[in-house]
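Please open the model in a viewer and keep the selection tool at hand. The tour below proceeds by selections, each followed by an account of what is found there.

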Amino acid sequence: MPSGEVSKLIDHVDWDKIAGQLPVIIQNYITAEVLMFGVMTKEALQKTLDDNIVTFYSRTKQRLWTKGETSGDYLKAVDYALDCDLDTLLITVIPKGNTCHLGTKSCFSRISSDLPWVFLSHLEEMLDERKTADPETSYTASLYAVGKKRIAQKVGEEGVEVALAAMSEDKEEILNEAADLIYHTTVLLHDQDLSWAEVLEVLKKRHQG
């Protein structure tokens, strides 16, 4: 939402229809994973807009409640979108730490973590974390340890394997080799301090162009 529209967001909400309590869906900006659901009053939404940190209205405590005020796991707001009926708000965020009080990334982790693209994003995070793991116990860590030359070589090898599998029309082998290619490309990106989000941004710009 353009900055000018964000500043007028409160005025666009149909507060009368929802008795002053706005349902809010929180979604991870990078992974598209739905993280949690909450409620905002006008005051809570205004504080969120002012601070760019998500603040809800706690119906149990009957006060404003900034997510992370106790745990430190804040939700940095990126963008806002009202639904077509102007009575539900979607906020995309960059989460700091886990969102759920049970220690998971999402309050809906049982389902959301199995979604294909969400799983890929979680895999990317895990592979990045392996940078500091023991190379003796982790293949990923061993790749980071030997450096970019070997990682780049593996990407090249897997790319060729995908092409060969395609030429033989072996669908199962194509899937296996493509999985290996994505894995090693992810390691290569992280070795260069890059991410799939940045790759997708390039594709998005090309599409828009």
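By about how many helical turns are lysine 204 and glutamate 201 separated in helix H9? The model under inspection is a predicted one. Select the two residues in helix H9: they are three residues apart, and therefore separated by about one helical turn. Their side chains meet in a salt bridge, with 3.3 Å from N to O. Lysine 204 counts as partly exposed, at 38% relative accessibility, and glutamate 201 also counts as partly exposed, at 32%.

**Helix H7**

Next, select residues 148-167, which form helix H7. Lysine 154 and glutamate 157 both lie in this helix, three residues apart, or about one turn. Display their side chains: the pair forms a salt bridge in which the closest N and O atoms are 3.6 Å apart. Is lysine 154 buried or exposed? At a relative accessibility of 12%, lysine 154 counts as buried, because buried means under 20% relative accessible area. Glutamate 157, by contrast, is partly exposed, with a relative accessible area of 31%. Now add Arg150 and Glu158 to the selection; together with Lys154 and Glu157 they are linked in a network of salt bridges.

**A link between a loop and a helix**

A search of the whole structure finds 10 salt bridges. One of these deserves a separate view: select lysine 105 and glutamate 125, whose closest N and O atoms are 2.7 Å apart in a salt bridge. Lysine 105 lies in the loop between E6 and helix H4 (109-112), whereas glutamate 125 lies in helix H5, so the pair ties together parts that are 20 residues apart in sequence. Both partners are partly exposed: lysine 105 has a relative accessible area of 34%, and glutamate 125 has one of 30%.

**The largest pocket**

Turn now to the empty space within the model. Which residues are the closest to the centre of the largest pocket? The pocket has a volume of about 870 Å³. Of the 30 residues that line it, Ile30, Thr31, Ser121, Glu124 and Ala197 are the closest to the centre, and may be selected as a starting point. Then colour strand E6 (89-95), helix H5 (116-129), helix H8 (171-191) and helix H9 (196-208), the elements that each give two or more residues to the lining. Sorted by class, the lining of this largest pocket comprises 14 nonpolar, nine polar and seven charged residues.

**The second largest pocket**

The second largest pocket holds about 170 Å³ of space. To display its lining, select Met36, Trp65, Lys67, Ser71, Asp73, Asn98, Thr99, Cys100, His101 and Cys107. By class, this lining has four nonpolar, four polar and two charged residues.

**A nonpolar patch on the surface**

For the last stop, switch to a surface representation and select Ile25, Val34, Phe37 and Phe108. These residues make a nonpolar surface patch of about 320 Å². Where in the fold does isoleucine 25 have its place? Isoleucine 25 belongs to strand E1, which covers residues 22-28. With a relative accessible area of 32%, isoleucine 25 is partly exposed.

Notes. Residues numbered from 1 in each chain as written. Predicted model: local features only at pLDDT ≥ 70, side-chain atom pairs only at ≥ 80, totals over all residues. Heavy atoms only, no water. 1 Å grid on protein atoms, 1.4 Å probe; cavity = no way out; pocket = protein on both sides within 12 Å on 5 of 7 lines; lining within 4 Å. Points joined across faces, edges and corners; volume = space filled by probe spheres on them. Helix = DSSP H or I, 4+ residues; strand = E, 2+ residues; numbered from the N terminus. Nonpolar A, V, L, I, M, F, W, Y, C, P; charged D, E, K, R; others polar. Patch = residues over 30% accessible without salt bridge, like charges linked within 9 Å, V, L, I, M, F, W, Y side chains within 5 Å. Areas by Shrake-Rupley, 256 points an atom, 1.4 Å probe, with all protein chains shown as cover. Salt bridge = Lys/Arg side-chain N within 4 Å of Asp/Glu carboxyl O. Buried < 20%, exposed > 50% of the residue type's maximum accessible area, 1.4 Å probe, protein only.
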